[in-house]
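Here is a quick tour of one protein chain, from its overall make-up down to a few side chains. Have a look at the model first, then read on.

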Amino acid sequence: MSARPSADRSTSDGSALNSSTDSSAELQQVVDELLTQLQSKFTNVSNELLNKMEDMSRRLDNLEATIQTGDGSKASGSSK
């Protein structure tokens, strides 16, 4: 009987080693996928922020031009 558990242990130790290696590879794959997803999301958010900032800049330029045009017409209108 004592020889059999020892054989089972060596088999289970080998399985544990393979299982540990498999788990490690699986964990690395999951971490790589998460990092890829995070990088993709960060890139998307970064691009959205840049686009919104450019849009805000255009709107501010238009607003400034409208105010300057409006001030010119109001100034000439009030002096008449």
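Accessible areas here come from the Shrake-Rupley method with a 1.4 Å probe. Keep in mind that this is a predicted model. On that footing, the protein chain exposes about 7,300 Å², and carbon and sulfur atoms supply 56% of that area.

So what is the chain made of? The protein chain has 1 helix and 0 strands. That helix, α1, covers residues 3-79. How many of the 80 residues are buried, as a percentage? Buried residues make up 0% of them. Since buried means under 20% relative accessible area, that share tells you about the cover each residue gets from the protein chain shown.

**A nonpolar patch**

Which residues form a nonpolar patch on the surface? They are L27, V31, L35 and L38, and together they have about 380 Å² of accessible area. V31 is found in helix α1. With a relative accessible area of 37%, V31 is partly exposed, because that class lies between the under-20% and over-50% cut-offs.

**Salt bridges around D55**

Side chains of opposite charge can pair when their charged atoms come close. How many salt bridges does a search of the whole structure find? It finds 2. Here are the pairs, with N to O distances:

| Pair | N to O distance | Spacing in helix α1 |
|---|---|---|
| R58 and D55 | 3.9 Å | 3 residues |
| D55 and R59 | 3.5 Å | 4 residues |

Both distances fit the cut-off, as a salt bridge needs the side-chain nitrogen within 4 Å of a carboxyl oxygen. Why can R58 and D55 meet along the helix? They sit 3 residues apart in helix α1, so about one helical turn separates them. D55 and R59 are 4 residues apart, and again the separation is about one helical turn.

Put together, D55, R58 and R59 are linked in a network of salt bridges. As for exposure, D55 is partly exposed at 30% relative accessible area, and R58 is partly exposed too, at 48%. R59, at 60% relative accessibility, counts as exposed.

Methods
Residues are numbered from 1 along each chain as its sequence is written. This is a predicted model: local features need pLDDT of at least 70, side-chain atom pairs count only at pLDDT 80 or more; totals for chains, interfaces and linings use all residues. Side-chain values use heavy atoms; hydrogens and water are left out. Patches are made of residues with over 30% relative accessible area and no salt bridge: like charges are joined within 9 Å, nonpolar side chains (Val, Leu, Ile, Met, Phe, Trp, Tyr) within 5 Å. Helices (H or I, at least four residues) and strands (E, at least two) are DSSP runs, numbered from the N terminus. Buried means under 20% relative accessible area, exposed over 50%, partly exposed in between (1.4 Å probe, protein chains only).
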